[in-house]
Amino acid sequence: MLSRVADALYWMARNIERSESHSRIMHVHLTQMLEAGNKDIFQEDDYQVLFEVCATSDELKKLEQQGKTRVEDLISYLAFGKGNLNSALCNIRIARDNARVTRDYIPNDLFEAWNQFYLTSQNLPEKPYSIHKMRDFFNETKQASYMAQGIIEAAMSRDVAYYMLKIGKWLERAEKTARILNVVSEQTKGREEVYETTDYYYWSSALRMVNGYEAYLKSNPPRMDATKILSFLITNEDFPRSIRYCMDHVREAIDALENAKVARYSVELYEAMDALRREFNDMKIQDLDTNQTIDFLNQFQNKCNQIGQIFSRTYFLIEPVTTTFSQHQEPALPPEMRRKTAMKYKIEHTNVFDYETVVDQSMNSIRLKPRSDECQRLLSYRTDISPMTITKAHTDIWGNSVETFFIAERHQHLEIKSTSIVSIQRSPFINQIDYSPEMKDIFHSDLFQEHYAGYLANTAYTYLNTEQMDRVDAAIGLMNNPVQYSIDVMRYVYDVFSYDPNATDVSTKATESFELSGGVCQDMAHVMLGILRTKQIPARYVSGYLYVGEDSALVGDAASHAWVEVMVPGIGWVGLDPTNNVEALENHIRMCVGRDYSDVSPVQGVYRGGAASIDVKVSVSLISS
């Protein structure tokens, strides 16, 4: 699995869990407010707890300074606030975006259910505020989360995707339980010292916030004893929201990923998990006073964050932007979603062949169907051929969709038109990759070289001679880091070559275009492939389309576009466009991949008849972004 897919699954689970926990916490607060009969009175202590659990105390102070102290203002901010990345609605949106990226890895029912919930919740901020509206929203969010978790358990194979979801869910749940206990412990500390008794109100709230009130009463007397509540929510091995239970399940999921074997790259992760387990085994809640309990919970939250960061490093997940936050402030996660741009395009590609004489037979194959993967999804596709015929589809050795058709009737005109709608969601990636020792070991392994052998050997289109490679080495130096070297090669080709449609034709080889220092995107891609493969870096040719906006500086063929993808160990294929010196992102629509142009030619065929002329028209229009 590509690490960016694992990253999206991990954060999808965390945000589904966070939307549900925040909705339940706010629902508990509204219920207690109604029971107290003080819904029109601003209760500073209660809202201090609510904001420290679901947002930050700084955000509460900011709202106070703006005069927004009504119940409506505060609850709306936590539920729908546009500037609040931890709001329930923001978490719902981020989870949906990640679900869309990973549709090929999750049950379709899961995406459909969460997407439908996302769509129905978008108009809620515009409706008049009411307690009933908010309670309905919180209940619907909880039900949607329960449905999502049920679909995951009922319909997903126990594979990598499943365990990534589980790790995200259990880590998020453990951190939230610790956060609630920490805030409540500090809030009740002063009150209990004054009244020398357990603060029933806040400890019962803590149980309800983690949905543990009924479970606690079944195993304990109907009395709010702080020590017993802490023990129940921290060390209980059976309650599914206790810290111990959550962290045990994180460990089980990691063991399943690693087959319970500790590899060199996972040593740090296992050491952190083992250290946390030893603390649980040695800890006795009843022996801790309030200050010691607060210190433990503070340390646990920090260690949870550390385990999350170690987990991300271990599996090359996208690291969140580092930020400084107070002991009660959650980082605004996941920031990678703020970097992603989603685009939807309509592509119309028409090939018209006019023959000098009548053709009585023709056999053709076309490669015009865009690919679907974790970053690009084909929403619709159709082919219209005149004269009318039947197509037969198959997948070639490179994973491209190929349609073949035979026209037996006599004709002098052939028109092939494909219409596609594609959604693309990509984030800048390659410049964030740290070429680690583990990645280096994979890159130099025999298994890696054997697996990508098809993309390591140069072809007639991509071959460069020794003298030409010497000139490349003199310009950009030797290859030590394949990731950085690939970026350097892209920049070199961009700087040396000029975009000249008249300099070459479709049959021009890399050795020829290299000497010309000019050509089109096909030529630049072939030269870049030749350089990378000579250095034993797996690289493949990509054909597709380039969306060029009104004020865009991007350059590409009016008919189609070509660029290069490089295989980065542990990460996957990363696109680089030497024609524009950019990473292939949301403007690049991928259609086919192969060793060179000959593997991805859009239309190929044979016919019996005279010479032909061809006219190609391509239209790429932006539907939405």
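**Figure 1. The end of helix H12 in the predicted model.** Just after H12, Asn259 takes a positive phi of about 55°. This is a predicted model. Helix H12 covers residues 243-258, 16 residues in total. From its first C-alpha to its last, H12 reaches 23 Å, close to the 22 Å expected at 1.5 Å a residue. The buried residues of H12 include Ile243, Tyr245, Cys246, Met247, Val250, Ala253 and Ile254. Arg244, His249, Arg251 and Glu258 are also on the buried list of H12.

**Figure 2. Overview of the chain.** The chain has 625 residues, and 54% of them count as buried. Its secondary structure comes to 21 helices and 15 strands. Many contacts bridge distant parts of the sequence: among those between residues at least 6 apart, 74% join residues at least 24 apart. About 27400 Å² of the chain is exposed. Carbon and sulfur atoms supply 48% of that area.

**Figure 3. The largest nonpolar core and Ile234.** In soluble globular proteins, nonpolar side chains tend to be buried together. Here the largest nonpolar core has 102 residues. Which residues have the most contacts inside it? They are Met12, Ile234, Met247, Phe280 and Phe300. Helix H8 (residues 160-195) gives the largest share of this core, 14 residues. Ile234 touches Leu181, Ser242, Ile243, Arg244, Phe280, Met283, Ile285, Phe296 and Leu297, not counting residues up to four places away in sequence. Apart from this core lies another, of 72 residues. Ile385, Tyr455, Met567 and Cys592 are among the residues of that other core.

**Figure 4. Glu17, a buried residue of helix H1.** Glu17 is found in helix H1, which spans residues 3-36. Is Glu17 buried or exposed? Glu17 is buried, with a relative accessible area of 3%. Its side chain makes a polar contact with the side chain of Arg241, at 3.1 Å. Beyond its neighbours within four places in sequence, Glu17 is in contact with Gln149, Lys169, Glu172, Arg173 and Arg241.

**Figure 5. Helix H6 and its buried face.** Helix H6 (residues 108-121) has 14 residues. Its first and last C-alpha atoms are 20 Å apart, close to the 20 Å expected at 1.5 Å a residue. The buried residues of H6 are Leu110, Phe111, Trp114, Asn115, Phe117, Tyr118 and Ser121. Seen down the axis of H6, these buried residues fall within an arc of 160°, so they line one face of the helix. An α-helix has 3.6 residues a turn, so residues three or four places apart point the same way.

**Figure 6. Ile537, in the loop between H21 and E9.** Ile537 is found in the loop between H21 and E9. Ile537 is buried, with a relative accessible area of 0%. Which residues surround it? Leaving aside neighbours within four places in sequence, Ile537 is in contact with Phe443, Tyr455, Leu456, Met479, Pro482, Tyr485, Ser486, Leu532 and Val566. Met479 and Ile537 are 58 residues apart in sequence, and their C-alpha atoms are 9.7 Å apart in space. Gln536 lies in the loop between helix H21 (521-534) and strand E9 (539-546). At 38% relative accessibility, Gln536 counts as partly exposed. Gln536 has a positive phi of about 60°, although it is not a glycine.

**Figure 7. Backbone geometry at Asn211 and Pro387.** Most residues other than glycine have a negative phi, and most peptide bonds are trans. Asn211 has a positive phi, near 60°. Asn211 lies in the loop between helix H9 (200-209) and helix H10 (213-219). At 46% relative accessibility, Asn211 counts as partly exposed. What kind of peptide bond joins Ser386 and Pro387? The bond is cis, with omega about 5°. Pro387 is found in the loop between strand E3 (376-386) and strand E4 (391-395).

**Figure 8. Asn587, between strands E12 and E13.** Asn587 is placed in the loop between strand E12 (582-583) and strand E13 (588-594). At 17% relative accessibility, Asn587 counts as buried. Leu546 is 41 residues from Asn587 along the chain. The C-alpha atoms of Asn587 and Leu546 are separated by 5.7 Å.

Conventions: Residues are numbered from 1 along each chain as its sequence is written. This is a predicted model: local features need pLDDT of at least 70, side-chain atom pairs count only at pLDDT 80 or more; totals for chains, interfaces and linings use all residues. Side-chain values use heavy atoms; hydrogens and water are left out. Helices (H or I, at least four residues) and strands (E, at least two) are DSSP runs, numbered from the N terminus. The expected span of a helix is 1.5 Å times one less than its number of residues. Buried means under 20% relative accessible area, exposed over 50%, partly exposed in between (1.4 Å probe, protein chains only). The arc is that of the directions from the helix axis to the C-beta atoms. A nonpolar core is a set of buried Ala, Val, Leu, Ile, Met, Phe, Trp, Tyr and Cys residues joined through side-chain atoms within 4.5 Å. Contact means heavy atoms within 4.5 Å. A polar contact is a pair of N or O atoms within 3.5 Å; within protein, one must be able to donate a hydrogen and the other to accept it, and residues adjacent in sequence count only if both atoms are side-chain atoms. Accessible areas come from the Shrake-Rupley method with a 1.4 Å probe; for residues, only the protein chains shown count as cover.
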